[in-house]
Amino acid sequence: MNNIFTWIAANQQIIYIVMLMIFVGIEIIGRVPSVLHTPLMSGANAIHGVVIIGAIIVMGQAKSNDYFALILGFLAVILGTLNVVGGFVVTDRMLEMFKSKKKK
Amino acid sequence: MYFSLLAIIYIIASATFIIGLKMLSHPDTARKGNLVAAAGMGIAIFGTIFLYEDINTGERLGNYVWIFAGLMVGGIIGTGVAKKVKMTAMPEMVSLFNGMGGACAALISIAEFNHFGHSNFAQHIIQSFPGEEAVDVASFSLPVQTGTMITIFLGLIIGSVSFAGSIIAWGKLNGKIKDWSFKGQHIVNLFVLAFIIGISIYLISTISSSFEVNNGQVINTADKISINGLIVRLNTSVHVLFYAVFFLSLVYGILFVFPIGGADMPVVISLLNSFTGVAAACGGFLYDNKVMLTGGILVGAAGTLLTILMCKAMNRSLANVLIGSFGGSANALAAGSKEVGQHKEITLTDAAVVMGYANKVMIVPGYGLAVAQAQHACHDLEKLLQERGVEVKYAIHPVAGRMPGHMNVLLAEADVNYEKLQEMEVANEEFPSTDVVLILGANDVVNPAAKTDTSSPIYGMPILDVELAKTVIVNKRSMKPGYAGIENDLFYRPKTSMLFGDAKKVLQDLVSEIKNL
């Protein structure tokens, strides 16, 4: 228990960020028209692809003889990139349609 | 210097995520918002590759070849798949990409756990016992930060659940996987979840005393050991249990999505989306990486809210969805069997006449339209009717299709004017002045049972009141119940006529019939 309290105290900054981000996330979504729900979900999906940064760190820190970490990291980088690139491209394709139609 | 530059990059990237999401929520700025967030992601990724330094050792990242190879492979496949996918397959694509993110988070946790199990700890020990020649193995324990362990486990569990669940959701949406459930599934699910949490708590609380210390040979029995040249490992049993958590989480993900019917699928995908966000945030904790934290929590919070909004639209409680059952399918069958009435069919020509001479037609699109890829044919019909002076509008139910906004995207692809799409509340006000309602492959969203039949699983879900219109024409492939598996009374009502066939074919035929009028 004590351990956890110390950890909280040592990581207050992060906990503040979490707290504020929760409110930011809720505030932003709250006013979305339902028309944009699918593109928005897809856009949010691409943003959580930020997890790829963790994959890059694992990969980059792996010792050259640590094949386990190398393979895991490599897979993680591929999967993360799929999430990021695929997510943004799909979102863009959806929104492209909204746009071309609006001009008319 | 490098590292502080990276900090600035991360701040900018976090800001682009927030601004991007904000812009995504307005139709005018949405596309730019997506690009803004993508740009932020780009600088965060390349900044990390070139500028990242380990906080303790100041070491830069290596293995550039591997990193870039991974980025290339993922980038090429991702772009290719995303460019090729049909608009109708969009929801399952989102689900699949979401699963990739979840898997990525789980793999990071596995890698980091092993990292702790190996070399890192040896270093810790040497730092923890400076100047000592030997350590008492019997009372040996390490200062492992509980918080760090918790984030590793959370990342592993949430990431794996999200991965397995998303893959199942993907398979279900493209029809590869059927609904499947067994008796007492809630209880099994709860047991699996309890096991996952139990093992995790046990491991986290005992981890600091679960080390084997050796210097080349296993010597757990020895009382003392020399510090120099020492190798520290986690006990094998700890590793086994760790992978048990991983495995059980995958099982939970599968069990969790398997029995859920189509009506709940949007909710599930949105929920899994927010799960992956939280898993990404765990990575942020682990590396003290603010941009992962911001992005992850942002998506976690936004996704959760979106999930709740969807649940509200369908009048289902999130708890029910979470436990993993599509409640009341037995009731649905009962309700269906007692309402066997007669439906009447309408010929194409008659339908063409009715619509061609109407004043106002409302089109209610559903998943059938998406499956048949009939959005263009639908737009052709709309244009033709419009030329004949018929007012045509679309009534969009919030959960029509397989995802909120699914129909909007689909119709947008066919260049249907934005202003013609009416949300449910507006559409319901317009039905009384409508001559013909054309339902294209929609079923549950127009089922009057949601209003009248308290035993129906969709009872309480707001529906489109198509019955207020003068005539209702329903296009379906057959009389089979919709995705929720419920009979629809609407089809047996006197105002309703059925027009069987594939939506695209029927629409094309309607167009040529109306041209001949």
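Begin by selecting B:Tyr394 and then look across to strand S7 of chain B, where the bridge partner of this tyrosine is B:Leu421. Before going further, keep in mind that the model you have open is a predicted one, and that the tour returns to its confidence scores at the end.

**The sheet of chain B**

Widen the selection from that pair to the two strands, and you have strand S6 (residues 391-396) of chain B beside S7(B), paired in the parallel sense over three bridges. Now add the other strands of the sheet, six in total, which are arranged in the order S7-S6-S5-S8-S9-S10 in chain B and form an open sheet with parallel pairing. At the edges of this sheet, select strand S7 (421-423) and strand S10 (496-500) of chain B, each of which pairs on one side only. If you follow the sheet from strand to strand, neighbouring strands are turned against each other by 25 degrees on average, when direction is ignored.

Helix H13 (residues 348-356) of chain B is the next thing to select, since this helix packs on the sheet and touches strand S5 (360-365), strand S8 (436-440), strand S9 (471-476) and S10 of chain B. Compare the direction of H13(B) with that of S8(B), and the two make an angle of about 130 degrees.

Return for a moment to the pairing inside the sheet, where S5(B) and S6(B) run in the parallel sense and are joined over four bridges. To see one residue pair, select B:Val361, which stands opposite B:Val392 in S6(B).

**From H13(B) to H19(B)**

Keep H13(B) on screen and add helix H19 (residues 503-515) of chain B; the two helices pack with their axes 9 Å apart and at an angle of about 65 degrees. H13(B) and H19(B) are therefore roughly perpendicular to each other, and H13(B) passes H19(B) in a right-handed crossing. For the residues that meet here, select B:Leu348, B:Thr349, B:Ala351, B:Ala352, B:Met355 and B:Gly356 in H13(B), together with B:Asp509, B:Leu510, B:Glu513 and B:Ile514 in H19(B). Coloured by class, this contact of H13(B) with H19(B) shows six nonpolar, two polar and two charged residues.

**Around helix H6(B)**

Move next to helix H6 (residues 146-173) of chain B and to helix H9 (residues 265-286) of chain B, which pack at an angle of about 155 degrees, with their axes 8 Å apart. That angle makes H6(B) roughly antiparallel to H9(B), and the crossing in which H6(B) passes H9(B) is left-handed. The residues of this contact between H6(B) and H9(B) divide into 16 nonpolar, nine polar and one charged.

Leave H6(B) selected and replace its partner with helix H7 (residues 185-206) of chain B: the axes of H6(B) and H7(B) come within 10 Å and cross at roughly 155 degrees. That makes H6(B) roughly antiparallel to H7(B), while the crossing of H6(B) and H7(B) is right-handed. On the H6(B) side, the contact is made by B:Thr146, B:Met149, B:Ile150, B:Phe153 and B:Ile157, and on the H7(B) side by B:Ile196, B:Ser200 and B:Ile204. By class, the contact of H6(B) with H7(B) has six nonpolar and two polar residues, with no charged ones.

**Where the chains meet**

Now show both chains, and you can look for the 95 residues of chain B that are in contact with 80 residues of chain A. On the chain B side, select helix H4 (residues 90-117) of chain B, from which the largest share of the side touching chain A comes, namely 17 residues. Taken by class, the residues of the side of chain B that touches chain A divide into 55 nonpolar, 31 polar and nine charged.

**Confidence, chain by chain**

Finish by colouring the model by pLDDT. Chain B averages a pLDDT of 80, and 80% of its residues score at least 70. Residues 216-225 of chain B have a pLDDT below 50, and this stretch has 17 contacts in the model beyond near neighbours in sequence. The pLDDT is also below 50 over residues 324-339 of chain B, a stretch with 40 contacts in the model beyond near neighbours in sequence.

Chain A averages a pLDDT of 84, with 89% of the residues scoring at least 70. Among the elements of chain A, the lowest mean pLDDT (76) belongs to helix H1 (residues 2-10) of chain A, and the highest (91) to helix H4 (residues 52-61) of chain A. For the model as a whole, the scores are ipTM 0.91 and pTM 0.78.

How values were computed: Residues are numbered from 1 along each chain as its sequence is written. Chains are lettered from A and ligands numbered from 1 in the order in which they are written. This is a predicted model: local features need pLDDT of at least 70, side-chain atom pairs count only at pLDDT 80 or more; totals for chains, interfaces and linings use all residues. Two residues are in contact if their C-beta atoms, placed from the backbone, lie within 7 Å. Ala, Val, Leu, Ile, Met, Phe, Trp, Tyr, Cys and Pro count as nonpolar, Asp, Glu, Lys and Arg as charged, and the others, Gly among them, as polar. Axes are lines fitted to C-alpha atoms, for helices over the stretch in contact, and angles run from 0 to 180 degrees between N-to-C directions. Angles under 35 degrees count as roughly parallel, over 145 as roughly antiparallel, 65 to 115 as roughly perpendicular and the rest as oblique. A crossing is left-handed if the near helix is turned anticlockwise from the far one by less than a right angle, and right-handed if clockwise. Two strands pair if DSSP finds at least two bridges between them. pLDDT is the predictor's confidence in each residue, from 0 to 100.
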